[in-house]
Amino acid sequence: MAEFEAEALRAGFDDVVLRQWQPGYTMGEHAHDPAIQALVVRGELWVKSADRLQQCRVGDRFELHAGEVHSEGAGADGAQFWVAQRHPAG
């Protein structure tokens with residue numbers, strides 16, 4: 001985690017948190033105020049936006065722009081992932 005956090009902070013992200021989802025968890029379409037960069041460390045998850053569906057396993061990364069509408073969910077074994085957030089200024 002220390003390497004991911006250091007890299008994210010150097011890239012201008014301002015917060016890094018660990019998320020954990022239960023098996024089969026899903027979240028319908030929504031958007032986040034901050035831009036997101038994430039690294040999967042356990043399990044599997046998927047992220048679907050208007051133009052792509054991304055399956056993420058251990059070691060995979062994904063990014064979402066601020067305000068990007070998407071849905072997401074965890075695989076059969078759940079998911080644990082580090083999330084770096086770049087909040088809008090102001």
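This is a short talk on the cores, the largest pocket and the salt bridges of one structure.

Hi everyone, thanks for coming. One thing before we start: what you see above is a predicted model.

Let me begin with the inside. The largest nonpolar core has 13 residues, and L45, F62 and F81 touch the most other members. Which elements supply this core? Strands β3 (35-49), β5 and β6 each give two or more residues, and β3 gives the most, with five. If you click on L45, you can follow its contacts: leaving out residues up to four places away in sequence, L45 touches W21, V40, Q54, Q55, C56, F62, G73, A74, G75, A79 and F81. There is also a second, separate core of seven residues, which includes A8, L39, W82 and A84. As a general point, nonpolar side chains in soluble globular proteins tend to be buried together.

Now the largest pocket, which I guess many of you will want to look at. Its volume is about 180 Å³. The elements that give two or more residues to its lining are β1, β5 (61-64) and β6 (70-86). Which of them has the largest share? That is β6, with five residues. By type, the lining divides into seven nonpolar, three polar and two charged residues. Among the lining residues are R19, W21, H32, E72 and Q85. F62 and F81 are on the list too, and you have just met both of them in the largest nonpolar core.

Next, please turn to strand β1, residues 15-21, and find L18 there. Beyond its neighbours within four places in sequence, L18 is in contact with Q80, F81 and W82. Is L18 buried, exposed or in between? With a relative accessible area of 38%, L18 is partly exposed. Its contact Q80 lies in strand β6 and counts as buried, because its relative accessibility is 19% and the cut-off for buried is under 20%. Not counting residues up to four places away in sequence, Q80 touches L18, R19 and Q20, and also L39, V40, V41 and R42. And a distance for your notes: L18 and V40 are 22 residues apart in sequence and 9.8 Å apart in space, C-alpha to C-alpha.

Last topic: salt bridges. How many does the structure hold? Three. In one of them R61 pairs with E7, and the closest N and O atoms are 2.8 Å apart. R61 sits in strand β5 and E7 in helix α1, so this pair ties together parts that are 54 residues apart in sequence. Both ends are partly exposed, R61 at 34% relative accessibility and E7 at 31%.

Another bridge joins the side chains of R57 and E44, at 3.7 Å from N to O. Here R57 is in strand β4 (residues 52-57) and E44 in strand β3, so the pair ties together parts 13 residues apart in sequence. R57 is partly exposed at 45%, and E44 is partly exposed at 27%.

The remaining pair is R52 with E68, at 3.0 Å from N to O. R52 is in strand β4 and E68 in the loop between β5 and β6, 16 residues apart. What about their exposure? R52 counts as partly exposed at 32% relative accessibility, whereas E68 counts as buried at 15%.

That's my tour. Thanks for listening, and I'm happy to take questions.

Methods. Residues are numbered from 1 along each chain as its sequence is written. This is a predicted model: local features need pLDDT of at least 70, side-chain atom pairs count only at pLDDT 80 or more; totals for chains, interfaces and linings use all residues. Side-chain values use heavy atoms; hydrogens and water are left out. Helices (H or I, at least four residues) and strands (E, at least two) are DSSP runs, numbered from the N terminus. Buried means under 20% relative accessible area, exposed over 50%, partly exposed in between (1.4 Å probe, protein chains only). Contact means heavy atoms within 4.5 Å. On a 1 Å grid over the protein atoms alone, a cavity is a set of points where a 1.4 Å probe fits but cannot get out, and a pocket is an open set with protein on both sides within 12 Å along at least five of seven lines; lining residues have an atom within 4 Å of a point. Grid points are joined across faces, edges and corners, and a volume is the space filled by probe spheres set on the points. Ala, Val, Leu, Ile, Met, Phe, Trp, Tyr, Cys and Pro count as nonpolar, Asp, Glu, Lys and Arg as charged, and the others, Gly among them, as polar. A nonpolar core is a set of buried Ala, Val, Leu, Ile, Met, Phe, Trp, Tyr and Cys residues joined through side-chain atoms within 4.5 Å. A salt bridge is a side-chain nitrogen of Lys or Arg within 4 Å of a carboxyl oxygen of Asp or Glu.
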